[in-house]
Amino acid sequence: MTHDDPTADAVTGPGGTPPGPSAVRPDTTDTAPSPADAALPTALAPAALTLFGDRLDLAAAYAELLATDGVVRGLIGPREAPRIWDRHLLNCAAVAERIQTGATVLDVGSGAGLPGLALAIARPDLTVTLIEPLARRTSFLIEVVERLGLARSVRVFRGRADEAATGSNGREPISGDVVTSRAVAPLDRLATWSLPLTVRGGRLLALKGSSAAAEIEEHADAVSRVGGGEPTVHLCGVGVIDPPTTVVEIVRERMVGPARPAASKRSRGGRARRR
């Protein structure tokens, strides 16, 4: 999910988005979107190469889509376009160091694809599902997945986190090894929505800002009630990006709530498809 302040924790509904699409689009009269806005700053090139490796060109193509179509369609604010690399792509890709090889990743409230698509580009070994309820956002995500050639490892699920966890409209429930989120909700709500999506022993990785320690202190009991272990804070990308990314990690230690059918292999990854 993307906001003008990527560290802000928006209070939203399950899945991490407001209840409906906004008809208001950003005024780009004075700030027309341009591919030049997505150019990788020279100073950030070493970090980008470290995080994306030989898929740096793919990351650059994604940056251009965010800075152009993403702005026009209201997923990225015009002021954010020149800051896509440092505030968004690198910030998200750094979290890959907390994800094991070959993991299945579910990105809750994916919005413009952050952090899910950044992780999928940085780590081709991952299988990523982007969970997003709003039609205009899922349309953008599906188009980006197809244009970047990521359909073999990335799918798009249109729906809320609770719908993904329990299944709806004839769809099977889905689950993963890791659930990610960025600027979605306070930790208590986030754990309630996200932990049911993980397998036992799976982990929630929530990108947070300066509020991380305070949220843990405030919501540790709520996290425990939904089966989560003690939240821990990690700094990702130390020595690579400045500042490093702050991540709150919660392990699902207990299965809380009614049992649900185990996800099939097909439901845990596959092609992006329209919903």
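**Close-up views of a predicted model**

**View A. Strand β1 is mostly covered in this predicted model**. Of the 5 residues of β1, 5 are buried. Both faces of the strand are covered: T104, L106 and V108 are buried on one side, and V105 and D107 are buried on the other.

**View B. Strands β1 and β2 pair in the parallel sense**. The pairing extends over 5 bridges, and T104 has T127 of β2 as its bridge partner. Between the two strands the chain passes through α5, in a β-α-β crossover that is right-handed.

**View C. Strand β1 (residues 104-108) also pairs in the parallel sense with strand β4 (residues 176-182)**. Here 3 bridges are found. L106 is bridged to V179 in β4, while D107 stands opposite T180 of β4.

**View D. An open sheet is formed by 7 strands**. Their order is β3-β2-β1-β4-β5-β7-β6, with mixed pairing. At the edges lie β3 and β6 (232-236), each of which pairs on one side only. From one strand to the next, the twist averages 25°.

**View E. Helices α6 and α9 pack against strands of the sheet**. Helix α6 lies across β2 and β3 and runs at about 170° to β3. Helix α9 (residues 212-225) touches β5, β6 and β7 (245-251); the direction of α9 makes about 15° with that of β7.

**View F. The largest nonpolar core comprises 56 residues**. F52, Y62, W85, L89 and L117 are the residues with the most contacts inside this core. At least two core residues come from each of α1 (45-52), α2 (56-67), α4 (84-93), α5 (116-122), β2 (127-132), α6 (135-147), β3 (154-158) and β5 (198-208). The most is given by α2, with 8 residues.

**View G. L89 is shown with its contacts beyond four places in sequence**. These contacts are F52, A59, Y62, A63, L66, I84, L114 and A118. A second core, separate from the largest one, has 24 residues, including I131, A164, V184 and A185.

**View H. S194 is a buried residue of helix α8 (residues 187-194)**. S194 counts as buried because its relative accessibility is 0%, against a cut-off of under 20%. With residues up to four places away in sequence not counted, S194 touches V108, V179 and L204. Of these contacts, V108 is one of the buried residues of β1, and V179 is the bridge partner of L106.

Conventions:
Residues are numbered from 1 along each chain as its sequence is written. This is a predicted model: local features need pLDDT of at least 70, side-chain atom pairs count only at pLDDT 80 or more; totals for chains, interfaces and linings use all residues. Side-chain values use heavy atoms; hydrogens and water are left out. A nonpolar core is a set of buried Ala, Val, Leu, Ile, Met, Phe, Trp, Tyr and Cys residues joined through side-chain atoms within 4.5 Å. Buried means under 20% relative accessible area, exposed over 50%, partly exposed in between (1.4 Å probe, protein chains only). Helices (H or I, at least four residues) and strands (E, at least two) are DSSP runs, numbered from the N terminus. Contact means heavy atoms within 4.5 Å. Two strands pair if DSSP finds at least two bridges between them. Axes are lines fitted to C-alpha atoms, for helices over the stretch in contact, and angles run from 0 to 180 degrees between N-to-C directions. A crossover is right-handed if, with the strands pointing away from the viewer, the path from the first strand over the helix to the second runs clockwise.
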